[in-house]
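Please read the following walk through a single protein model with the coordinates open beside the text. The paragraphs turn from cysteines to the sheet and then to charged pairs.

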Amino acid sequence: MTSQTITAAAAGTWRLGDLVVNRIGFGAMRLPQTGEALVADAVPRERDQAISVLRRAVELGVNHIDTAAFYFSPLRSANELINRALAPYPDDLVITTKVGPGRDPSGEWLPHATPEQLRGQVEENLRQLGRDHLDVVNLRIVGTGSIAERFGALAELRDAGLIRHLGISNVTPAHLAEAQAIAPVVCVQNPYGIGLRPDQDTLVRTCGEQGVAYVPFYAIATTGRQAGATDRDHPEILAVARAHGASPAQVRIAWTLHRGPHVLAIPGTGDPDHLASNVAAGALRLSEEEVALLDSLHGQSR
């Protein structure tokens with residue numbers, strides 16, 4: 001695929017509440033470091049490279065950036081890089097962040113935040129991003145227990161004007177129902193991709209029926225998770241990629257977008273070429289036969 005002239009608008013749009021975003025966005029997890037993310041000894045990414053990637057993303061029409069205060073490496077913070085690169089922010093830019101489990105200054109994970117601690121996490125995101133409100137805040141979940149108390153605390157911050165819209169991340173269908181009984185949910189963010197968590201197919205459909213955005217993460221990396229994608233891929237994916245003159249990563253992104261108009265992509269990278277390629281995947285249209293082939297590989301057809 002030729003990626004130079006393709007922008008994020010090629011993927012179409014969806015609404016997060018009253019905010020319209022292009023369905024191809026950008027995930028900031030990989031920005032603060034090179035190599036594996038979310039590890040204590042990560043190698044910081046060169047600042048100018050990270051800033052240039054963010055600015056190029058906006059130039060390519062990306063208006064949905066996913067981040068978190070716990071996306072950092074020694075010397076680098078994703079939120080502060082976003083602030084440095086993009087403030088004053090474009091009027092149409094939607095920044096989605098996450099709260100829940102945090103990391104201490106050394107990079108080690110902390111227990112899940114209490115309802116009282118969530119306000120501090122929201123305020124830290126506000127400070128780092130240089131904003132007076134957050135567009136979308138996802139409550140990230142660890143485990144299957146009730147989220148009512150924690151989600152209720154975020155709903156109070158929404159009522160106070162610190163948060164515009166709420167979402168949930170790493171959740172079950174029961175969590176979605178529990179949250180919706182408290183406040184509107186505009187997005188669900190879970191791990192999902194070809195061959196990754198086919199048990200999520202029902203939740204993807206449920207979100208579509210309810211008008212809730214479904215935002216897959218690790219759609220390219222799959223089981224590589226924060227370590228990134230491997231060099232090898234399935235023959236079926238390689239065959240579809242060759243037919244379109246595309247990369248396997250582009251095919252994986254395109255497949256997720258074919259799961260429904262409410263599915264948003266947030267591939268992340270610190271490489272300008274990979275960025276352009278990821279954005280261009282929004283223009284890749286798979287045939288019914290190709291979708292069926294990839295569905296079979298995924299393990300469960302629609």
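How many disulfides does the structure hold? In this predicted model the structure holds zero disulfides. C187 takes part in no disulfide, and the nearest cysteine sulfur, which belongs to C207, is 9.3 Å away. Seen from the other residue, the closest cysteine sulfur to that of C207 is the one in C187, and at 9.3 Å the separation is too far for a bond, given that a disulfide requires the two sulfur atoms to lie within 2.5 Å. C187 is buried, with a relative accessibility of 3%, and C207 is likewise buried, with a relative accessibility of 0%.

The residue C187 leads on to the sheet, since strand β14 covers residues 187–191. Seven strands make up an open sheet with parallel pairing, and their order is β3-β6-β9-β12-β13-β14-β15. At the edges stand β3 (26–27) and β15 (213–217), each of which pairs on one side only. Strand β14 runs parallel to β15 and is joined to β15 by five bridges; within this part of the sheet, N190 stands opposite P216 of β15.

From the backbone pairing we can turn to the charged side chains. Side chains of opposite charge can pair when their charged atoms come close. The structure holds 11 salt bridges, among them one between R164 and D18, whose closest N and O atoms are 3.0 Å apart. This pair links distant parts of the chain, with R164 in strand β13 (residues 163–169) and D18 in the loop between β1 (13–16) and β2 (19–22), 146 residues apart. Both ends of the pair are partly exposed, R164 with a relative accessible area of 35% and D18 with a relative accessibility of 43%.

A salt bridge within a helix is formed by R119 and E123, whose side chains meet at 2.9 Å, N to O. R119 and E123 lie four residues apart in helix α3 (residues 115–129), and therefore about one helical turn separates them. R119 is partly exposed at 39% relative accessibility, and E123 is also partly exposed, with a relative accessible area of 37%.

Another salt bridge joins D135 to R131, where the closest N and O atoms are 2.8 Å apart. D135 counts as buried because its relative accessible area is 4%, whereas the cut-off for a buried residue is under 20%. Finally, E80, E124 and R127 are joined into one network by salt bridges that share partners.

Notes:
Residues are numbered from 1 along each chain as its sequence is written. This is a predicted model: local features need pLDDT of at least 70, side-chain atom pairs count only at pLDDT 80 or more; totals for chains, interfaces and linings use all residues. Side-chain values use heavy atoms; hydrogens and water are left out. Two strands pair if DSSP finds at least two bridges between them. Helices (H or I, at least four residues) and strands (E, at least two) are DSSP runs, numbered from the N terminus. Buried means under 20% relative accessible area, exposed over 50%, partly exposed in between (1.4 Å probe, protein chains only). A salt bridge is a side-chain nitrogen of Lys or Arg within 4 Å of a carboxyl oxygen of Asp or Glu.
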